[in-house]
Amino acid sequence: MDEMIEDEISGRTYTEELGIKADDFVLKNQAGEDWRLSDYLGQVVALLFYPKNETLVCTKQLCSLRDNWTDYLEIKAMIVGVSPASVEEHLQFGKKYRLPLALLADIDRNITKR
């Protein structure tokens with residue numbers, strides 16, 4: 001099922017494909033543990049791709065997510081951040097802002113590109 005989405009910032013419209021199966025992947029989380037998408041088969045998983053830790057916009061977005069975390073828990077959605085930062089950078093960033101979500105290190109951006 002495709003849904004037309006209008007980007008409020010750019011004004012561009014794009015098609016978002018809902019319900020498609022993503023390719024499986026494994027990335028390290030901020031604790032250095034493997035995080036595998038297929039471990040969450042049958043659950044709602046939202047992959048939040050962002051370019052960099054400690055930037056104004058990304059930090060605001062992730063802190064807003066943190067501040068509204070109970071809303072996501074109510075709908076049983078698992079939100080996972082993905083960026084090219086290292087495991088250590090994610091660990092420090094997550095601790096500093098008390099982020100309740102897994103932050104995955106896509107250092108070479110292979111998953112982001114897919």
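**Strands, a crossover and two cores**

Author: Going along the sequence, the elements of this protein come in the order β-β-β-β-β-α-α-β-α-β-α. That is four helices and seven strands in total, and keep in mind that the model is predicted.

Reader: What makes β5 and β6 a pair of strands?

Author: Pairing takes at least two bridges between the strands. β5 (residues 44–49) and β6 are joined by six bridges and run parallel, so they pass the cut-off. For one contact point, look at phenylalanine 49, whose bridge partner in β6 is valine 82.

Reader: And how do you know that β6 pairs with β7 too?

Author: Same kind of check. Four bridges link β6 with β7 (residues 102–105), again in the parallel sense, and the requirement is at least two, so this is a pair. Valine 80, for instance, has alanine 102 in β7 as its bridge partner.

Reader: Why is the link from β6 to β7 called a right-handed crossover?

Author: The chain leaves β6, passes through helix α3 (residues 87–96) and arrives at β7, a β-α-β crossover that is right-handed. The name means that, with the strands pointing away from you, the path from the first strand over the helix to the second runs clockwise.

Reader: What makes you say that β6 is mostly covered?

Author: A residue is buried when its relative accessible area is under 20%. In β6 (residues 77–83), six of the seven residues are buried, so "mostly covered" fits. For the protein, buried residues make up 30% of its 114 residues.

Reader: What makes a set of residues a nonpolar core here?

Author: The members have to be buried residues from a nonpolar list, joined through side-chain atoms within 4.5 Å. The largest such set has 13 residues, and Leu62, Phe93, Leu99 and Leu101 have the most contacts inside it. Two elements, α1 (56–67) and β6, give two or more residues each. The largest share, four residues, comes from α1. In general, nonpolar side chains in soluble globular proteins tend to be buried together.

Reader: Which residues does leucine 101 touch?

Author: Leaving out residues up to four places away in sequence, leucine 101 touches Gln30, Leu62, Leu65, Trp69, Ile79, Val80 and Gly81. There is also a second, separate core of eight residues, with Leu27, Trp35, Leu37 and Val80 among them.

Reader: How do you know that contacts reach far along the sequence?

Author: Take the contacts between residues at least 6 apart in sequence: 52% of them join residues at least 24 apart.

Technical notes: Residues are numbered from 1 along each chain as its sequence is written. This is a predicted model: local features need pLDDT of at least 70, side-chain atom pairs count only at pLDDT 80 or more; totals for chains, interfaces and linings use all residues. Side-chain values use heavy atoms; hydrogens and water are left out. Buried means under 20% relative accessible area, exposed over 50%, partly exposed in between (1.4 Å probe, protein chains only). Contact means heavy atoms within 4.5 Å.
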